[in-house]
Amino acid sequence: MARPRTHNIDIPNLYRKLDKRNGKTYWQYFNQLDGKFSSLGRDEALAKTAALKLNRVIAQKQVEHAYSLVDSVLGRDKPECSKIRLHAWIDRYFDLLDKRLERGELAASTIRSRKFSARLLRDKSSNMYLENVGAREMAAILEEYKNEDKNLTANQHRSNWMDLFKEAQYAGEVPPGFNPALATRKVSFQIRRGRLEFKQWQRIYEAAGNWAHWAQCCLLLSLVTGQRPGDVIKMKFSDVWDDYLHIEQEKTGHKIALPLSLHCEAISMNLGQAIKFCRDGILSHFMVHHSTSYRRAKVGGQLSRTTVSKMFCDLRNELGIEAEEGKTPPTFYEQRSLAERLYEKQGIDTQLLLGHSTAAMTARYHDDRRND
C-alpha cells in the first residue's frame with residue numbers, strides 16, 4: 001500500500017516537496033511519458049495551472065500514440081515516403097482544376113483565381129508535407145494583404161485555399177476535416193467602390209464617340225443587357241435567333257435569353273437597336289470588336305476585359321469623374337448595377353435579367369452604397 005500524501009493535492013502528477021535544509025516548499029511535476037520529475041517553482045497557483053495544462057498535453061499525446069498503435073496493427077500507418085508534399089499537391093490540384101473546367105463545373109475566371117492563390121501559397125511556403133501545413137503560413141500572407149488595405153483580395157485567397165485543402169481531403173491525402181485555411185480569421189472589409197450614376201454614364205458614352213465605335217457599342221450592350229464584362233465581349237451576332245439574344249454566363253454557366261424588345265427607357269433604346277448599332281461594316285463574329293489592327297489585335301477580333309476596362313477608366317479620368325469621399329471611382333463593372341437600378345424602376349424582374357440564383361444577390365446590386 002502506497003504511503004498517504006502529507007498534503008491534500010487533487011491535481012494528478014503534481015507534488016509538493018519540503019526542503020528540510022531551508023524550510024522552503026517546492027512544487028514538482030511527474031511526467032508519465034519519461035518517468036521524470038520537473039520543478040515548477042515555489043508559486044502554488046502558477047504550479048497548479050502549469051500542471052493542469054501539462055496533464056492535458058500529455059493526455060493528448062497518449063491518445064495520439066494509442067491511435068498510431070491501432071493504425072499500425074490494422075496496417076493503416078502511412079510511411080513517410082508515401083506522404084505528399086505541398087508543392088506536389090498544388091501541381092495535382094492544377095490538373096484537377098483543368099479537368100473541372102473541361103467538364104464545365106467551374107468558370108475560367110474561377111480557375112484563374114484559384115490557381116493564382118495556390119501559386120501564392122507555394123511561393124511563400126516551404127515544401128513541407130501537406131499534412132504539416134498550418135494556419136500560420138496562410139495567416140502571415142493574409143496579414144500582408146491587410147496591411148496593404150486589400151481585405152477583399154485577402155478573403156478571396158482564404159476562400160481559394162479552403163478549396164485547395166478540401167480537394168486534398170477528397171483525394172485522401174489528408175485526414176477528413178483537415179483544412180488549416182479554415183483556422184485563419186476571415187478578414188472583414190467594406191466595399192469602397194462608388195456606384196456609377198446615370199448622368200456619369202451619359203458623359204462617358206458621349207466621350208466614347210471620340211474614342212472608338214467599339215467603345216460606344218460596349219457601353220450600350222453593358223447597360224441594355226446588364227451582363228458582366230466577360231459576357232459582353234463574348235456576344236456574337238450568331239447568338240441572336242427567334243428574336244432573343246442567347247447568353248451563357250461565363251461565371252455561373254447560367255443560360256438566359258433576352259428578348260430583342262427589352263427596352264431601356266433611360267436611353268430610349270431596346271436590345272435589338274443596340275445590336276444593330278454594333279454593325280459597322282467590319283466582318284466580325286463579335287458584336288464588340290476591334291476596328292483597327294494594333295500589335296496582336298486584328299480587325300474584327302474579340303476585345304479583352306483589360307481593354308474595355310482600361311477604356312472606361314481612361315474616359316472616366318479624362319472627364320474628371322470622381323467618387324464620394326471615402327470611396328474609389330466606379331469601374332466598368334458598375335454598369336451592371338446601374339442597369340439593375342434602371343430596370344428595377346421599370347418594374348422588370350432584375351433577378352432573372354442578371355441571372356442571379358437568389359434575390360439577396362440582386363439586392364446587393366440594387367444597393368446604391370450611399371450613407372443614407
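User: What sort of phi does Gly 172 take, and where is this residue placed?

Analyst: In this predicted model, Gly 172 comes just after helix α5 and has a positive phi of about 80°.

User: What makes the phi of Asp 243 one to point out?

Analyst: The phi of Asp 243 is near 65°, which is positive in a residue other than glycine. You can find Asp 243 in the loop between β4 (240–241) and β5 (244–248).

User: How do you know whether Asp 243 is buried or exposed?

Analyst: Set the value against the cut-off: exposed means over 50% relative accessible area. Asp 243 has 57% relative accessibility, so Asp 243 counts as exposed.

User: And what about Ser 268, buried or exposed?

Analyst: The cut-off for exposed is again over 50%. Ser 268 has a relative accessible area of 55%, so Ser 268 is exposed. Ser 268 also has a positive phi, near 55°, in a residue other than glycine. Its place is the loop between β7 (263–264) and β8 (269–270).

User: Let's turn to the helices. How do you know what span to expect for α5?

Analyst: The expected span is 1.5 Å times one less than the number of residues. For the 20 residues of α5 that gives 28 Å, and the end C-alpha atoms are 29 Å apart, so the two values agree.

User: What is the reach of α3, and what is expected?

Analyst: Helix α3 (residues 108–124) has 17 residues and reaches 25 Å from its first C-alpha to its last. At 1.5 Å a residue, 24 Å is expected, and the value is close to that.

User: Which residues of α3 are buried?

Analyst: They are Ile 111, Arg 114, Lys 115, Ser 117, Ala 118, Leu 120 and Leu 121. To be called buried, a residue must be under 20% relative accessible area. The cover over the buried residues of α3 includes α2 (86–102), α4 (135–147) and α5 (151–170).

User: What do the buried residues of α5 pack against?

Analyst: They pack against α2, α3 and α4. Among the buried residues of α5 are Trp 161, Leu 164, Phe 165 and Ala 168.

User: Why are α2 and α3 called roughly antiparallel to each other?

Analyst: Helices count as roughly antiparallel when their angle is over 145 degrees. α2 and α3 pack at an angle of about 180°, with axes 10 Å apart, and they are therefore roughly antiparallel. Residues making this contact include Ile 90, Phe 94 and Leu 97 of α2 and Ile 111, Ala 118 and Leu 121 of α3. By class, the contact of α2 with α3 has 10 nonpolar, one polar and seven charged residues.

User: Why is α7 called oblique to α11?

Analyst: Let's start from the angle. The axes of helix α7 (residues 213–225) and helix α11 (residues 334–345) cross at roughly 45° and come within 7 Å. That angle makes α7 oblique to α11, because roughly parallel needs under 35 degrees and roughly perpendicular needs 65 to 115. The crossing of α7 past α11 is right-handed. Leu 219, Ser 222, Leu 223 and Val 224 of α7 meet Gln 335, Leu 338, Ala 339, Leu 342 and Tyr 343 of α11. This contact has seven nonpolar residues, two polar ones and no charged ones.

User: How many helices and strands does the protein chain have?

Analyst: There are 13 helices and eight strands. Of the 372 residues in the protein chain, 38% are buried.

Methods. Residues are numbered from 1 along each chain as its sequence is written. This is a predicted model: local features need pLDDT of at least 70, side-chain atom pairs count only at pLDDT 80 or more; totals for chains, interfaces and linings use all residues. Side-chain values use heavy atoms; hydrogens and water are left out. Axes are lines fitted to C-alpha atoms, for helices over the stretch in contact, and angles run from 0 to 180 degrees between N-to-C directions. Helices (H or I, at least four residues) and strands (E, at least two) are DSSP runs, numbered from the N terminus. A crossing is left-handed if the near helix is turned anticlockwise from the far one by less than a right angle, and right-handed if clockwise. Contact means heavy atoms within 4.5 Å. Ala, Val, Leu, Ile, Met, Phe, Trp, Tyr, Cys and Pro count as nonpolar, Asp, Glu, Lys and Arg as charged, and the others, Gly among them, as polar. Buried means under 20% relative accessible area, exposed over 50%, partly exposed in between (1.4 Å probe, protein chains only).
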